[in-house]
Amino acid sequence: MSATSEAPAAFRHAAARPGPFALLGEALEDIRSRRRLVRYLVQADIRKKGADTFLGNLWWVLDPLLQMGVYVVFVSLILSVKTPDYPLFILSAILPWKWFTSSVTDASQSVTSQGSLIRQIQFPKLVLPVAATTASVVGFVFGLIPLAAIMLLYPHRISAFLLFIPVIAVVQYVFSLGLAFLVGAVNVFFRDLGNVLRHALRLWFYLSPGLYSLSVLDASATFQANPILRILAHANPIAVLFEAYRAVIYGKPDGPPHAPDLASLAALLAASLILLAFGTFVFKRLEPSFAKIL
């Protein structure tokens, strides 16, 4: 029977699962008791990504630099948009975005790619998106190497505010993990999610201040005439993350780096924890049906 026809029955079966708080407690115990399995899966994922290409793990360093070069040529040379120290400006958004997209796309396939294992062995499936999301952190850490190299070209942008990067990264990890649980579970039942996700993420990037800053949007006539658009732009979680990273890495075109907006980060962390709890609940409710669907 196809996955599509099984889905409604699977959702009805999931309705008989325990309540939300019991499932959240069960999820915490799943991760705590399977720490070694998570570590093994993370290491296996890192080794696999490194072995799949000729240059191996070196691509984690080269890829953000190549993306930066493409956007610098497109924005600075073709569109003739003049932003001081633009390579650093764009790289401060590329690195967290590459981490975010890698986390979400890998997590969406984390359960379906282990179908044979799930049918043969009983283990908490929650560790699969956790491992996929955690493995993507390694790519972000490697991306800090080209960031450090580029910053040497702009020594006036180097400051102690760089120490905020781990704080911002924690907020991003919580947000990414919440989405990872949702897409990992839903993709089992609706396999078209992966295709939709690629287009949605591409659109999300261009709607976020990656190639530009929020101040550019705020100054535009469209946003000044439609305040609701400004509210939506500032509520975008990726915009909050981009602005925070850019504040501590780049600063402003006419000013040095500065502390991120801690209030916005705190609000995003609170929303991310709610998303994480919801994603965990959905995943645990649907988990008993994974083996049947796969």
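Helix H13 gives six residues to the lining of the second largest pocket, the largest share that comes from any element. The structure described here is a predicted model, and its second largest pocket holds about 370 Å³ of space. Around this pocket stand 20 lining residues, and those nearest its centre are Leu214, Glu243, Ala244, Ala247 and His258. Two or more lining residues come from each of helix H10 (214-219), helix H13 (237-249) and helix H14 (262-286). Sorted by class, the lining of the second largest pocket has 10 nonpolar, six polar and four charged residues.

The largest pocket has a volume of about 440 Å³. Its lining is made up of 17 residues, with Asp45, Lys48, Ser110, Ser113 and Gln114 lying nearest the centre of the pocket. The elements that each give two or more residues to this lining are helix H3 (35-51), H5 and helix H7 (127-151), and the largest share, six residues, comes from H3. By class, the lining of the largest pocket divides into seven nonpolar, five polar and five charged residues.

**Aromatic rings**

A search of the whole structure finds 17 aromatic pairs. In one of them, the ring centres of Tyr86 and Phe89 are 5.5 Å apart and the ring planes stand at 25°; planes under 30 degrees apart count as stacked, so the Tyr86 and Phe89 pair is stacked. Both residues belong to helix H5 (residues 86-110), where they are three residues apart, about one turn of the helix. Tyr86 is buried, with a relative accessible area of 2%, and Phe89 is buried as well, at 4%.

Another pair in helix H5 is formed by Trp97 and Phe100, whose ring centres are 5.5 Å apart and whose planes stand at 40°, so this pair is tilted. Trp97 and Phe100 are likewise three residues apart in helix H5, about one turn of the helix. Trp97 counts as buried at 10% relative accessibility, and Phe100 is buried with a relative accessible area of 1%. Both residues also take part in one aromatic cluster, formed by Tyr71, Trp97, Phe100, Phe175, Trp204, Phe205, Tyr206 and Phe242.

Charged groups also meet aromatic rings in this model. Over the ring of Phe89, the residue paired with Tyr86, sits the charged end of Arg246, 3.7 Å from the ring centre. The charged end of Lys125 sits over the ring of Phe123, 5.3 Å from its centre.

**Salt bridges**

Side chains of opposite charge can pair when their charged atoms come close. The structure holds seven salt bridges, and the table lists some of them with the distance between nitrogen and oxygen.

| Salt bridge | N to O distance |
|---|---|
| Glu26 and Lys284 | 3.0 Å |
| Arg32 and Glu29 | 2.7 Å |
| Asp85 and Arg157 | 2.9 Å |

The salt bridge between Glu26 and Lys284 links distant parts of the chain, since Glu26 lies in helix H2 (residues 20-33) and Lys284 in helix H14, 258 residues apart. Glu26 counts as partly exposed, at 29% relative accessibility, whereas Lys284 counts as buried, at 1%. These two residues, together with Asp30 and Glu287, are linked in a network of salt bridges. Helix H14, which holds Lys284, is also among the elements that give two or more residues to the lining of the second largest pocket.

The partners Arg32 and Glu29 both lie in helix H2, where, being three residues apart, they are separated by about one helical turn. Arg32 is partly exposed at 46% relative accessibility, and Glu29 is partly exposed with a relative accessible area of 38%.

The salt bridge between Asp85 and Arg157 joins two loops: Asp85 lies in the loop between helix H4 (59-78) and H5, and Arg157 in the loop between H7 and helix H8 (165-189), so the pair ties together parts that are 72 residues apart in sequence. Both Asp85 and Arg157 are buried.

Conventions: Residues numbered from 1 in each chain as written. Predicted model: local features only at pLDDT ≥ 70, side-chain atom pairs only at ≥ 80, totals over all residues. Heavy atoms only, no water. Phe/Tyr/Trp six-rings, centres within 6.5 Å; stacked < 30°, edge-to-face > 60°. Helix = DSSP H or I, 4+ residues; strand = E, 2+ residues; numbered from the N terminus. Buried < 20%, exposed > 50% of the residue type's maximum accessible area, 1.4 Å probe, protein only. Lys NZ or Arg CZ within 6 Å of the ring centre and 35° of its normal. 1 Å grid on protein atoms, 1.4 Å probe; cavity = no way out; pocket = protein on both sides within 12 Å on 5 of 7 lines; lining within 4 Å. Points joined across faces, edges and corners; volume = space filled by probe spheres on them. Nonpolar A, V, L, I, M, F, W, Y, C, P; charged D, E, K, R; others polar. Salt bridge = Lys/Arg side-chain N within 4 Å of Asp/Glu carboxyl O.
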